[in-house]
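Here's a quick briefing to help you find your way around. Take a look at the sequence and the 3D view, then read on.

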Amino acid sequence: MVTLKADRILISPLSVADTNFLFKLMNTPKWKKYIGDRNIKNPADAKTYLKSSILPSYQKYGFGLFGVRLRATDQPMGICGFLQRDYLPHPDLGFAILPDFERKGYIHEAADLLLANKGLFAIDNKVLAITTPENHASVALLEKLGFIQKGNIPTDTKEEVLLLEKEL
């Protein structure tokens, strides 16, 4: 897999070396509130989640969630990438960032770069996104990226979420 570079960020596949970062990210209040508590109580749980959920996506689909790092220091700060969910007909753009890096445009930069390079991941002409309707920051970012609200849908957890769509 390739590393993508922009002015301020690097995007590359996650690895087991990212276990502690992922543990920290998945235990932030916003992750738990908007993405959901994945019961990651320690770094070993994060490593298991990484190996069983994130890493297999690279092999199965040719894409997944990628690490987003500061280009100047290589410090991990977030994740961004594509997921293929059983209940969605097209890949879904997902992202999360540590609180210290929020509202600085890093995830916008990462998502824009990934969408511009969709061909590297064999993604055709449509990408979806889902978020909880009360996650106003995510909705605003997705709309800024050109996603259009299509309504609410139930997910595999039976929770209803807002569906957004972008034609590429």
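How do the axes of helix 1 and helix 3 cross, and within what distance do they come? They come within 8 Å and cross at roughly 100°, and the bullets below pick up from there. Keep in mind that this is a predicted model, where local features need pLDDT of at least 70, side-chain atom pairs count only at pLDDT 80 or more, and totals for chains, interfaces and linings use all residues. Residues are numbered from 1 along each chain as its sequence is written, and side-chain values use heavy atoms, with hydrogens and water left out.

**Helix 1 against helix 3**

- Helix 1 covers residues 19-26, and helix 3 covers 43-61; helices here are DSSP runs (H or I, at least four residues), strands are E runs of at least two, and both are numbered from the N terminus.
- The axes are lines fitted to C-alpha atoms, for helices over the stretch in contact, with angles running from 0 to 180 degrees between N-to-C directions.
- The crossing angle makes helix 1 roughly perpendicular to helix 3 (65 to 115 degrees counts as roughly perpendicular, under 35 as roughly parallel, over 145 as roughly antiparallel, and the rest as oblique).
- On the helix 1 side, T19, N20, L22, F23 and M26 do the touching, and they meet P43, A46, K47, Y49, L50 and I54 in helix 3; contact means heavy atoms within 4.5 Å.
- Sorted by class, this meeting place has eight nonpolar, two polar and one charged residues (Ala, Val, Leu, Ile, Met, Phe, Trp, Tyr, Cys and Pro count as nonpolar, Asp, Glu, Lys and Arg as charged, and the others, Gly among them, as polar).

**The cores**

- The largest nonpolar core has 48 residues, and I11, F82, L93 and F147 have the most contacts inside it. Such a core is a set of buried Ala, Val, Leu, Ile, Met, Phe, Trp, Tyr and Cys residues joined through side-chain atoms within 4.5 Å.
- Buried means under 20% relative accessible area, exposed means over 50%, and partly exposed is in between (1.4 Å probe, protein chains only).
- Helix 4 (residues 106-116) gives this core its largest share, seven residues.
- Eight of the eleven residues in helix 4 are buried, so you can think of the helix as mostly covered. Among them are Y106, I107, L113 and L114, along with E109.
- Leaving aside neighbours within four places in sequence, F147 has contacts that include L93, L115, V127, L142 and K166.
- There's also a second, separate core of six residues, which includes L128, I130, V161 and L163.

**Aromatic rings**

- The count comes to six aromatic pairs. Rings of Phe, Tyr and Trp (its six-membered ring) pair if their centres lie within 6.5 Å, and planes under 30 degrees apart are stacked, over 60 edge-to-face and the rest tilted.
- F66 and F121 make a tilted pair, at 5.4 Å centre to centre with 40° between the planes.
- F66 sits in strand 3 (residues 65-70) and F121 in the loop between helix 4 and strand 6 (126-131), so this pair ties together parts that are 55 residues apart in sequence.
- Both F66 and F121 are buried.
- F101 and Y106 pair edge-to-face, because their ring centres are 6.2 Å apart and their planes stand at 70°. Both F101 and Y106 are buried.
- One aromatic cluster is made of Y58, Y61, F63, F66, F82 and F121.

**Single residues worth a look**

- S12 is in strand 2 (residues 9-13) and is buried at 14% relative accessibility. Beyond four places in sequence, S12 touches V2, T3, F66, G67 and R69.
- S57 is in helix 3 and is buried at 11% relative accessibility. Beyond four places in sequence, S57 touches G62, F63 and G64.
- D7 is in the loop between strand 1 (4-5) and strand 2 and is exposed, with a relative accessible area of 73%. Leaving aside neighbours within four places, D7 is in contact with R71 and E109.
- N39 has a positive phi, near 60°, in the loop between helix 2 (29-35) and helix 3, and is partly exposed at 48%.
- A122 also has a positive phi, near 55°; A122 lies in the loop between helix 4 and strand 6 and is exposed at 73%.
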